[in-house]
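Q: Got a model open here and I'd like to go through it. Can you take me around, starting with the metal site?

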Amino acid sequence: MKRTAITLAAGFAMFGIGIAHAADVAKGEEVYKQACFACHDAGVAGAPKLGDKAAWEARLAQGEAILDKHAIEGFTGEAGSMPPKGGRTDLSDQAVKDAVAYMISKVK
Ligand code: HEC
C-alpha cells in the first residue's frame, strides 16, 4: 500500500513536470512573438533563425542552461550581438527562459 502511494506520487510528480514544460513552451511562443522574432525570424544581425537546425546545432550543444544565461544576460559571439533579454529588460528571467524553450522546441 505504502509502495503504491510512493509510485503514484512519483508518477504525478513526473506528470507535473511534463505539464509545466509544455506550458512554458506555449508561454514562450508569446514572448518570442513580442520580443525575439524581430531578429530571430529573419536572422537580423547574425541572429540564428527560428527553426534553422544548422544554425542552432552548435548552440544547442552548449546545453539549455547556457542558452538561457546568454539570452538573459546578453551574449556577443562570432555571428553578432544578442542584447540582454533581446532588449526587453522588462521581461522576467522566466519569460526569457520560456522563449528559449520555445526556440529550442523548433529545432529539435
Ligand atoms: C536585436 C536583435 C535580437 C533580439 C531582439 C533577440 N536576439 Fe537572440 N540573438 C541575437 C544575435 C545576433 C545572436 C547571435 C550572437 C552570436 O552568436 O554571435 C543571438 C543569439 C541568441 C541565442 C543563442 C545564444 C548562444 O549561446 O548561442 C539565444 C538562445 C537567443 N538569442 C535567444 C533570444 C531570445 C529568447 C530573445 C527574446 C527574448 C532574443 N534572443 C531576442 C539577436 C537578437
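A: Sure; keep in mind that this is a predicted model. A good place to start is His-40, which is buried, at 9% relative accessible area.

Q: What does His-40 bind, and with which atom?
A: His-40 is a donor to the iron atom of the ligand through NE2. The other protein donor is Met-82, through SD, and the two lie 2.0 Å from the iron.

Q: Where in the chain do those two sit?
A: They come from distant parts of it: His-40 belongs to helix α1, residues 2-40, and Met-82 to strand β2, residues 81-82. The separation is 42 residues.

Q: And Met-82, how accessible is that one?
A: Met-82 has a relative accessibility of 24%, so it counts as partly exposed. The cut-off for buried is under 20%, and His-40 at 9% falls on the buried side.

Q: What's the geometry around the iron?
A: Octahedral, because the 6 donor atoms around the iron subtend angles of 87 to 179°.

Q: OK, the rest of the ligand. Which residues come nearest?
A: Cys-36, Cys-39, His-40, His-70 and Met-82, out of 27 residues around the ligand.

Q: Which elements supply that shell?
A: Helices α1, α2 (53-61), α3 (64-73) and α4 (93-105), along with strand β2, each give at least two residues. The largest share is from α1, with 4 residues.

Q: Which pocket does the ligand take up?
A: The space it fills is the largest pocket.

Q: What polar partners do the ligand oxygens have?
A: Among them is Gln-62, with a side-chain N or O atom 2.9 Å from a ligand oxygen. On the backbone side, a polar atom of Gly-77 is 3.1 Å from an oxygen of the ligand, and one of Ala-79 is 2.8 Å from a ligand oxygen.

Q: Switching to the fold. How many helices and strands?
A: The chain has 4 helices and 2 strands. Along the sequence the order is α-α-α-β-β-α.

Q: How much of the chain is buried?
A: Of its 108 residues, 26% are buried.

Q: One loop residue to finish: Ala-47. Where is it, and is it buried or exposed?
A: Ala-47 lies in the loop between α1 and α2. Its relative accessible area is 17%, so Ala-47 is buried.

Q: How far is Ala-47 from Ser-81?
A: Their C-alpha atoms are 7.9 Å apart, while along the chain the two are separated by 34 residues.

Notes:
Residues numbered from 1 in each chain as written. Predicted model: local features only at pLDDT ≥ 70, side-chain atom pairs only at ≥ 80, totals over all residues. Heavy atoms only, no water. Donors = N, O, S within 2.8 Å, 3.2 Å for Na, K, Ca; no water. Tetrahedral: all angles 85-135°; square planar, octahedral: opposite > 155°, others 65-115°. Buried < 20%, exposed > 50% of the residue type's maximum accessible area, 1.4 Å probe, protein only. Near = heavy atom within 4 Å. Polar contact = N/O pair within 3.5 Å; in protein donor to acceptor, adjacent residues only side chain to side chain. 1 Å grid on protein atoms, 1.4 Å probe; cavity = no way out; pocket = protein on both sides within 12 Å on 5 of 7 lines; lining within 4 Å. Sits in = over half its atoms within 2 Å of the grid points.
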